[in-house]
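Student: I'd like a close look at one part of this model, and then a walk outward from there. Could you take me through it in one go?

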Amino acid sequence: MSEGAVTLSEAPLEEPRKPVRFRLTWQVLLLALGGLVVLLSLTRAVTGAVDLTSAGAINAAVALAVPIGLAGLGGLWSERAGVVNIGLEGMMILGTWCGAWGAIHFANPWAGVVAGAIGGALGGLLHAIATVTFGVDHIISGVAINILGLGVTQFLSKVTFAEMPGGGDSQSPPVPKPGIVSLPWVGDPLATLEAKQWFLLSDVAGILRGLTTNVSLFTILAILLIPLTFYALWRTAFGLRLRSCGERPVAAESLGVNVYFYKYVAVVVSGALAGLGGAFLSLVAASAYREGQTGGRGFIGLAAMIFGNWRPGGLAAGATLFGYTDALQLRRGGESVHALLLLVAILIAGVAIYQLVRQNRTRAALITGGAAIAVFVVFALTDTIPPQFTSVTPHITTLLVLSLAAQRLRPPAADGVPYRRGQAK
């Protein structure tokens, strides 16, 4: 071997390249929100659909997102402790009836809020007894809670509301509503700027006006529960123990954690939050309790939780997305939803570019890009969306978002896994 040759053992070894992980920081979040507002403004300017950023649409979107978000928060508490809660819909139904009954019986809307939370918590307690103590399959117990919630409220309505003036077998009399607040001195200037229909400035004014005027106090309470949940579950010892029950319950028990206790607390809190979502529907979104008022929002809340990857911030974003699409289809229907197609096409195209450039996934990028082109073609060849399709816009959004987010989901490791005390021994 010549003197200049380098043996294999002497050759320098290159360290394996670590994959770059995307980190969501406040700067990235603010940049994303700013970009979304610019896209909304551009779409509004191109299509003329003023409701995309109007104060009325934003205010309605927040109101429609609150019950979905509360149901999703309920699912987050339960599943972080390892208990799948399909019964969120039934707990919301209990919350709608109990909220209306409490507000009427005590002549105070906040008594209705407390009653709604208690009604949902009772449903959560029943779910916890079935799944934690008796080991019933979580899905079967959740379906039973949904059926039970519907049947119990139908019976209670007939024996209570039917005897009241203005009530009936399937609805309550009018209920007192929580107060609303507005940020002083900003409503009129923002309304004037919004009416100018200037690019971006008017859109920002409409969004801010929708967020700061005629906001229910119940809405503010619901929004505060999001950071409170994050703090309780991710910044306290209590939250660490609760989450350990959803990840490694056997290991948690070996360290002295009472797994049954934390599962019970999580599922009862889950029911209370879902009950608050139901109470919001009967006290704020409407002026009375009506049968079928939840309209599947418990299941959409569960989808929002999954979209948010079992995190409060992502859950809030998912609930806002579903509430926004629901608000658009309720206000101007086909016109607003048709304009939304252009925005969706741009966003899907952005996802395709990200998959191609940053993730080097050519096949996935081609499929996503094809979907963007298809959506844009539908937008270009039509002037409006038939009313038969606009009513299912939130549900289509749910399926689309979950399909795009499915590849990055990471549920708690022991979510839905049966656990019996003493497995650590």
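Student: Is Val136 buried, partly exposed or exposed, and what is its relative accessible area?

Tutor: Bear in mind that this is a predicted model. Val136 has a relative accessible area of 32%, so it counts as partly exposed. You'll find Val136 in the loop between helix 4 and helix 5, the latter covering residues 138-159. Val136 isn't on its own there: together with Val114, Ile118, Leu122, Leu125, Ile129, Phe134 and Ile140, it makes a nonpolar surface patch of about 730 Å². The biggest share of that patch comes from helix 4 (residues 109-133), which puts in five residues. It helps to recall that an α-helix has 3.6 residues a turn, so residues three or four places apart point the same way.

Now step back along the chain to the loop ahead of helix 4. Ala107 sits in the loop that joins helix 3 (88-105) to helix 4. The backbone does something worth a look at Ala107: phi is positive, about 55°, although the residue is not a glycine. With a relative accessible area of 63%, Ala107 is exposed. Further on there's another case, Gln197, again not a glycine but with a positive phi of about 60°. Gln197 belongs to the loop between helix 6 (187-195) and helix 7 (201-212). At 37% relative accessible area, Gln197 is partly exposed.

The helices on either side of Gln197 bring us to the charged pairs. Side chains of opposite charge can pair when their charged atoms come close. Searching the whole structure turns up four salt bridges. One of them pairs Arg209 with Glu194, with 2.9 Å between the closest N and O atoms. Since Arg209 is in helix 7 and Glu194 in helix 6, this pair ties together parts 15 residues apart in sequence. Arg209 is partly exposed, at 27% relative accessible area, whereas Glu194 counts as buried because its relative accessibility is 12%, and the cut-off for buried is under 20%.

Helix 7 also supplies Asp203, which forms a salt bridge with Arg44, their closest N and O atoms being 2.8 Å apart. Arg44 lies in helix 1 (residues 26-47) and Asp203 in helix 7, so here the parts tied together are 159 residues apart in sequence. Asp203 and Arg44 are both buried.

Then there's Arg80 with Glu247, where the closest N and O atoms are 3.8 Å apart. That pair links distant parts of the chain, with Arg80 in helix 2 (residues 55-80) and Glu247 in helix 9 (residues 237-247), 167 residues apart. Both residues, Arg80 and Glu247, are buried. Through salt bridges that share partners, Arg80, Glu247 and Arg410 are joined into one network.

Last stop, helix 13. It has 20 residues (residues 312-331), so at 1.5 Å a residue the expected span is 28 Å, and the end C-alpha atoms agree, being 28 Å apart. Its buried residues include Pro312, Leu315, Gly318, Ala319 and Phe322, along with the run from Gly323 through Tyr324, Thr325, Asp326, Ala327 and Leu328 to Gln329. After helix 13 comes Gly333, with a positive phi near 55°.

Terms used: Residues are numbered from 1 along each chain as its sequence is written. This is a predicted model: local features need pLDDT of at least 70, side-chain atom pairs count only at pLDDT 80 or more; totals for chains, interfaces and linings use all residues. Side-chain values use heavy atoms; hydrogens and water are left out. Patches are made of residues with over 30% relative accessible area and no salt bridge: like charges are joined within 9 Å, nonpolar side chains (Val, Leu, Ile, Met, Phe, Trp, Tyr) within 5 Å. Accessible areas come from the Shrake-Rupley method with a 1.4 Å probe; for residues, only the protein chains shown count as cover. A salt bridge is a side-chain nitrogen of Lys or Arg within 4 Å of a carboxyl oxygen of Asp or Glu. Helices (H or I, at least four residues) and strands (E, at least two) are DSSP runs, numbered from the N terminus. Buried means under 20% relative accessible area, exposed over 50%, partly exposed in between (1.4 Å probe, protein chains only). The expected span of a helix is 1.5 Å times one less than its number of residues.
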